[in-house]
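I opened the notebook to record what I looked up in this structure, entry by entry. The sequence and the model come before my notes.

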Amino acid sequence: MITTMSLRDSLLDSAKEVFETMAFMALEEVHEDQEAPHFEDATLLGTITFKGSLEGCLAICCGCHCARTIGANMLGADPDEPMSDDEMSDAIGEVANMVMGALKARVQDEVGTMEMSIPSVVRGRELRNSLGDRASKITVTVNLEEEHGMQFSLLYRESGD
């Protein structure tokens with residue numbers, strides 16, 4: 001069975017791969033002994049669920065300025081140009097989808113087939129995701145381009161199937 005540490009490493013490697021190849025941005029993990037990045041009050045939470053022998057939810061949380069920068073990089077646009085709320089949400093949803101796809105490719109030999117949902121994105125303050133009892137949670141906080149704070153979390157549990 002896959003371990004929490006191997007899932008954590010796979011999550012971080014998947015996020016780095018997606019940001020380096022699709023958004024052309026570098027991210028560095030913020031370790032527990034480092035100062036946590038500042039998150040804006042209004043944040044976007046992109047989530048995508050998965051099921052199989054392992055079921056759960058991958059979430060990506062970042063501020064609106066961070067989401068705008070990610071979207072501009074993915075589209076090759078100027079980050080200072082206006083971007084609609086829908087465009088920012090689309091960018092975060094697509095990142096959640098790509099990170100989950102990269103994670104799935106890394107772990108499915110160990111956990112078996114994983115079916116993924118379509119991503120969803122909400123905007124608000126102090127957003128959290130939950131999978132209820134029996135769920136384990138992995139959280140990875142990163143600095144994106146040494147400017148933006150971002151958090152990836154993976155909630156999961158073994159399914160009863």
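**Salt bridges and strand ends**

I began with Asp-85, which has a relative accessibility of 46% and therefore counts as partly exposed. I am working from a predicted model, and I keep that in mind for each entry below.

I then looked up the partner of Asp-85 and found that its side chain meets that of Arg-123 in a salt bridge, with N to O at 2.8 Å. This pair links distant parts of the chain, since Arg-123 sits in strand β5 (residues 120-124) and Asp-85 in helix α3 (residues 85-111), 38 residues apart. Arg-123 is partly exposed too, with a relative accessible area of 45%.

I noted that the structure holds four salt bridges, and I followed up two others among them. Arg-106 forms one with Glu-17, where the closest N and O atoms are 2.9 Å apart; here Arg-106 of helix α3 is joined to Glu-17 of helix α1, 89 residues away along the chain. Arg-106 is partly exposed at 34% relative accessible area, and Glu-17 is partly exposed at 36%.

The side chains of Glu-29 and Arg-8 also meet in a salt bridge, at 2.5 Å from N to O, and this pair ties strand β1 (residues 27-29) to helix α1 (residues 4-22) across 21 residues. Is Glu-29 buried or exposed? I found Glu-29 to be buried, because its relative accessible area of 15% is under the 20% limit, whereas Arg-8 is partly exposed at 22%.

Glu-29 led me on to Thr-141, which touches Glu-28, Glu-29, Val-30, Pro-37, Met-150 and Gln-151 when residues up to four places away in sequence are not counted. Thr-141 has its place in strand β6 (residues 136-144) and counts as buried at 16% relative accessibility. With Gln-151, the Thr-141 side chain makes a polar contact, side chain to side chain, of 3.1 Å.

After β6, I checked the loop that leads to β7 (148-158), where Glu-145 lies. Glu-145 has a positive phi of about 55° although it is not a glycine, and at 38% relative accessibility it counts as partly exposed. Glu-146 is found in the loop between β6 and β7 as well, with a positive phi near 55°, and counts as exposed at 78% relative accessibility.

Last, I consulted the record: an unreviewed UniProt entry lists residues 45-140 as "domain: Chemotaxis phosphatase CheX-like". In the model, the end C-alpha atoms of residues 45-140 lie 14 Å apart, and the span is 41% helix and 32% strand.

Key:
Residues numbered from 1 in each chain as written. Predicted model: local features only at pLDDT ≥ 70, side-chain atom pairs only at ≥ 80, totals over all residues. Heavy atoms only, no water. UniProt positions renumbered as here; feature names shortened; annotations may be inferred. Helix = DSSP H or I, 4+ residues; strand = E, 2+ residues; numbered from the N terminus. Buried < 20%, exposed > 50% of the residue type's maximum accessible area, 1.4 Å probe, protein only. Polar contact = N/O pair within 3.5 Å; in protein donor to acceptor, adjacent residues only side chain to side chain. Contact = heavy atoms within 4.5 Å.
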